[in-house]
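This report is meant for a reader who is meeting this structure for the first time. It turns to charged pairs, then to a patch on the surface, and then to a residue of the interior.

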Amino acid sequence: MRASEFFEETFSHIASENQKEDPLQVILCEENIEMCRRFDLSKLQEGWSWRNVHCARELASLLLNEKGELKKEECKRALHILHNNLYSLGPDRHHDADRMKHLVKMVHFFAHDKEYEAALKKITYPEGHVGVQYLLRETLHLPENTPLTNKLTRQAVLSALFTSLRQNVGSCFATAPAIMIQQEMPLQFLEDIQHIIATGRFKRTFEGIEYAFPLSPSWGAGELLRPFPLSSLGKQPIEALALSPGLQAAFRAAGLKESCETLLKKSGFEKDSLTQFVNISAHSLIRQVLLQAYQLTEEDLQKQQDQPLSHMPPNLLLITAAPLGKPRSIESFSKAYERAKRAFKALTDNPLLKAWEFTLASLSEAKADFTKWNLYMSLGVQVEEPHGIGEALFQIIQQEIDEVNDEIREYESRYDHLYAQAKSLEGRLMRPSVDKEFEWIRLEYQMRKRELDRTISERDQAVDKGRALQQLYSLMIQFYREKIPDYFQEIYDPEMHEISMSAYDDSPAGFRLLYKHGRSNPSLWTLIYSATDYIQALASFFIATEGELAQKPIAEGLERELTRLITAAITTIKRPDFLESSFQRLAKAYHEPLIHKPLDHLEKVSRKPWAYISGGTVKTLINCYWGNPKIREEKKWVESPTELLAFFIDMMKEQSSEQRQKFQKESERTVLAFSPTHAFLCRPGEKLFRKAWEDPLYTYTWIRDEWLVPQQKFLDGILLDQWMMEWMVEKLLELVPQGYRQVIKRGVDLPLFLHPVEFREKILKALSYEKWIDKGGLRFIADELDSLLYESLPFFPEQALGEKLEMIFSTMSDMTPSLYERIRQLAEERRGELEKHRLFSSQELRNIAKSYLMLALGNTRSKVFFHERIVERMRERGLAMPAPLIFADTNWVRYRFGFALNPGTGRLDLWRLDSSGVEGKPMSIWRSYFDGTLQQEWGILRMN
């Protein structure tokens with residue numbers, strides 16, 4: 001059999017012979033081979049992620065009694081089992097090492113530290129927060145309306161703490177600090193969760209101002225949007241996809257009875273897709289299958305959207321589009337679609353953990369007071385802004401002032417007339433002709449005087465009203481400015497897919513407006529998803545605050561005018577030209593192009609009054625979370641990978657001796673860092689990185705002489721023969737659409753011998769002439785070829801297998817003589833089981849070595865990280881590419897950032913690599929950020 005099959009079958013056989021009955025051992029040692037195999041073959045979700053979430057959830061349940069109290073003895077027993085079975089030797093299981101170390105660390109705290117037990121006891125089930133209750137049930141996979149208890153609540157919290165946090169799409173500015181908090185400050189994490197569960201919100205005080213954010217109502221898209229090339233699934237993609245546990249769970253949750261394979265075939269998604277580079281995602285598959293199942297099209301759904309705003313009735317406050325097309329099917333589809341997505345995500349994500357992460361993300365805009373700014377820009381409060389609130393209010397107020405001025409002029413005219421009459425009567429009183437006339441004149445004079453006094457009083461009242469009206473506009477605007485935070489707030493929305501960039505360019509963050517209805521309970525707040533929602537919320541806001549505004553001293557006597565003004569404001573916001581002018585104001589404020597007819601093309605508008613893009617800065621989030629700590633930002637624009645590597649080494653050299661000692665003592669300690677588009681965690685304790693910054697040698701000299709030159713000598717010593725090149729071409733063809741595989745095979749003319757760099761150049765040159773492959777496809781092939789070379793070199797002949805195994809195991813640390821002898825005997829006895837190969841790759845040698853080690857141990861797991869030991873020995877003996885310089889955690893599943901000599905180009909390059917540095921790909925998509933093309937900076941954040 002092939003080396004890969006030998007490895008997998010050995011693993012499966014040994015695992016099946018080590019079935020456990022003890023529940024703790026089942027959770028901590030069970031390999032779950034079939035489940036993980038289905039994840040790996042279907043490629044929609046990571047088997048690593050499922051093991052991460054599943055193990056954490058089940059372990060959390062076993063460590064609590066029915067009252068929700070911690071079972072200390074079980075914690076200690078779990079710790080013992082973990083220590084003795086920490087590392088698995090199975091395929092891809094070396095990626096679990098960091099996850100298992102995190103689990104050991106957390107369980108140790110609860111087993112031996114009373115402070116953690118006390119922190120857990122503070123957490124009780126939430127009685128009044130529906131959103132929190134929903135999230136807890138989703139975390140534990142409980143049916144809807146399941147009564148929550150202290151045990152279930154604490155189980156959800158423990159599972160969130162035990163789960164290693166990883167980033168999905170976007171939110172890197174929050175994920176990086178969130179990982180730091182969860183892994184390095186677990187008590188702080190428990191305090192955050194306790195407060196969120198008790199109140200439904202998250203609070204921080206920054207510069208004397210309290211910022212409160214509701215628990216994120218969304219726990220993200222998980223792996224729904226993760227794209228991958230359909231051609232990589234082989235000749236039968238539907239059969240591979242049908243194995244997906246996530247798709248199966250999604251279709252069950254949607255109520256579909258047919259098999260996953262049948263549903264996929266009926267959807268017709270694969271039509272014409274196997275002859276070209278097509279990326280698919282679980283999201284697109286689920287949607288297409290459900291549309292077919294409900295006999296709907298995207299056009300049907302589009303018809304069911306809200307009526308165009310240009311047809312909005314101006315006299316309606318609440319607008320509900322009349323159901324069109326197939327309303328019942330669409331409603332059923334929508335509900336099934338949401339259930340399907342939740343079921344898919346729940347297999348590989350911890351909802352409580354992700355919701356906490358996304359709640360932190362809202363802190364990144366706390367200081368900016370963005371709600372007021374964005375709302376003000378969209379409302380148009382300035383008088384000179386056409387079709388805005390300000391113009392409407394000012395016009396009404398001006399009309400009222402004009403009317404009052406007319407009244408004042410009438411009173412003045414009447415006053416003048418009455419005054420003249422009174423003066424005349426007063427003169428006649430001084431010269432009465434007869435006594436009878438005198439009495440009449442006196443009475444007439446008194447009447448005119450009373451009218452004159454009344455006219456003066458009414459005129460003065462009109463003048464006072466005019467003065468109040470002149471101040472009313474500015475006072476109303478100030479009032480609304482103060483009330484907006486009570487009714488509106490922006491929060492990070494992880495599901496704003498329309499503003500997502502690539503998987504590796506994810507700094508921009510989507511923020512969505514929510515309407516709080518003036519209430520303090522977050523479960524009663526409403527997210528704004530559409531123009532209709534936005535207008536309805538604004539109208540509700542003006543109506544709800546009218547009574548409070550009327551109570552203000554300035555509003556005394558202006559009740560009629562206020563009612564008229566509020567009516568005018570509501571009428572204004574319901575007009576199409578109000579929204580269109582809002583888009584114009586936002587585009588102008590942010591110096592962005594305005595979409596033509598934005599109301600008819602809302603999907604193309606990236607900055608809406610209710611949903612917008614913001615920078616999402618780590619620095620702001622840190623300031624708000626930790627209360628404005630002293631932060632030093634060190635950053636630099638670089639023009640080469642070497643310069644970038646030197647920057648990070650020098651940043652560590654410039655740390656104080658006290659800080660460096662902390663990283664020397666705590667190898668897992670991290671520092672926040674950033675690229676032009678991504679926030680991540682620098683890991684100064686990584687072995688080779690630490691060696692670099694501890695060495696007093698000039699940094700560039702160390703990089704060249706101590707690290708890079710030996711790697712270049714290793715690569716220069718490798719020559720590929722035809723067998724090796726044919727082996728790699730066959731591997732590469734697995735990534736190419738089937739219709740073009742024979743074309744490529746015929747088009748690549750390989751000589752007898754080539755250096756790896758020459759081989760890569762020849763392959764890419766041949767492909768560059770093909771019209772069917774675009775620039776993106778060629779880059780994808782180039783990266784895959786670089787990765788293949790990196791993971792496969794060097795090759796060695798099949799007959800040298802015994803010699804190479806001896807080189808690996810004979811002097812390996814933690815290898816007892818008896819274990820080594822057992823491995824040697826097994827290799828000799830079972831050598832015939834391996835197919836006769838002309839050659840083996842470095843990766844195949846590593847897997848064969850792990851296979852014989854599992855057979856010798858009689859177990860798939862060990863307390864020794866034998867994968868790491870094998871990799872070290874292979875590098876020492878020249879059986880694998882030299883070690884890369886890993887320096888950071890990417891936040892992504894499986895990957896670290898590191899610098900490696902690219903065997904395809906012969907140059908130093910930035911790579912994303914697994915923690916042992918034996919698998920990875922170059923970060924070619926970021927090349928413009930570290931080759932001087934774009935003058936954007938990299939950096940680190942130092943918190944004192």
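## Charged pairs, a surface patch and a buried residue

At 43% relative accessibility, Lys-635 falls between the limits of 20% and 50% and therefore counts as partly exposed. The model in which this residue is seen is a predicted one. The partner of Lys-635 in a salt bridge is Glu-633, and the closest N and O atoms of this pair are 3.4 Å apart. Glu-633 is likewise described as partly exposed, because its relative accessible area is 33%.

A search of the whole structure finds 56 salt bridges, and the table sets out three of them, including the pair just described.

| Salt bridge | Separation of the closest N and O atoms |
|---|---|
| Lys-266 and Glu-258 | 2.6 Å |
| Arg-287 and Glu-298 | 2.8 Å |
| Glu-633 and Lys-635 | 3.4 Å |

How exposed are the two members of the pair formed by Lys-266 and Glu-258? Lys-266 counts as partly exposed at 43% relative accessibility, and Glu-258 counts as partly exposed at 38%.

In the pair of Arg-287 and Glu-298, the closest N and O atoms are 2.8 Å apart. Arg-287 belongs to helix α15 (residues 282-293) while Glu-298 belongs to helix α16 (residues 298-303), so this salt bridge ties together parts that are 11 residues apart in sequence. Glu-298 has a relative accessibility of 39%, which means that it counts as partly exposed.

Salt bridges also link residues into a network, whose members are Asp-98, Glu-668, Arg-683, Glu-686 and Arg-896.

Charge appears in another arrangement on the surface, where Glu-5, Glu-8, Glu-9 and Asp-40 gather in a patch of negative charge. Which helix gives the most to the negative patch? Helix α1, which covers residues 3-16, does so with three residues. Glu-9 has its place in helix α1, and with a relative accessibility of 48% Glu-9 counts as partly exposed.

The last residue to consider is Ile-573, which is found in helix α23 (residues 559-573). Is Ile-573 buried or exposed? Its relative accessibility is 0%, and because buried means under 20%, Ile-573 counts as buried. When residues up to four places away in sequence are not counted, Ile-573 touches Ile-389, Ile-535, Leu-538, Ala-539 and Phe-578. Of these contacts, Ile-389 lies 184 residues from Ile-573 along the chain, and yet the C-alpha atoms of the two are separated by 7.4 Å.

Notes:
Residues numbered from 1 in each chain as written. Predicted model: local features only at pLDDT ≥ 70, side-chain atom pairs only at ≥ 80, totals over all residues. Heavy atoms only, no water. Patch = residues over 30% accessible without salt bridge, like charges linked within 9 Å, V, L, I, M, F, W, Y side chains within 5 Å. Areas by Shrake-Rupley, 256 points an atom, 1.4 Å probe, with all protein chains shown as cover. Salt bridge = Lys/Arg side-chain N within 4 Å of Asp/Glu carboxyl O. Lys, Arg positive; Asp, Glu negative; His and termini not counted. Charge placed at Lys NZ, Arg CZ, Asp CG, Glu CD. Helix = DSSP H or I, 4+ residues; strand = E, 2+ residues; numbered from the N terminus. Buried < 20%, exposed > 50% of the residue type's maximum accessible area, 1.4 Å probe, protein only. Contact = heavy atoms within 4.5 Å.
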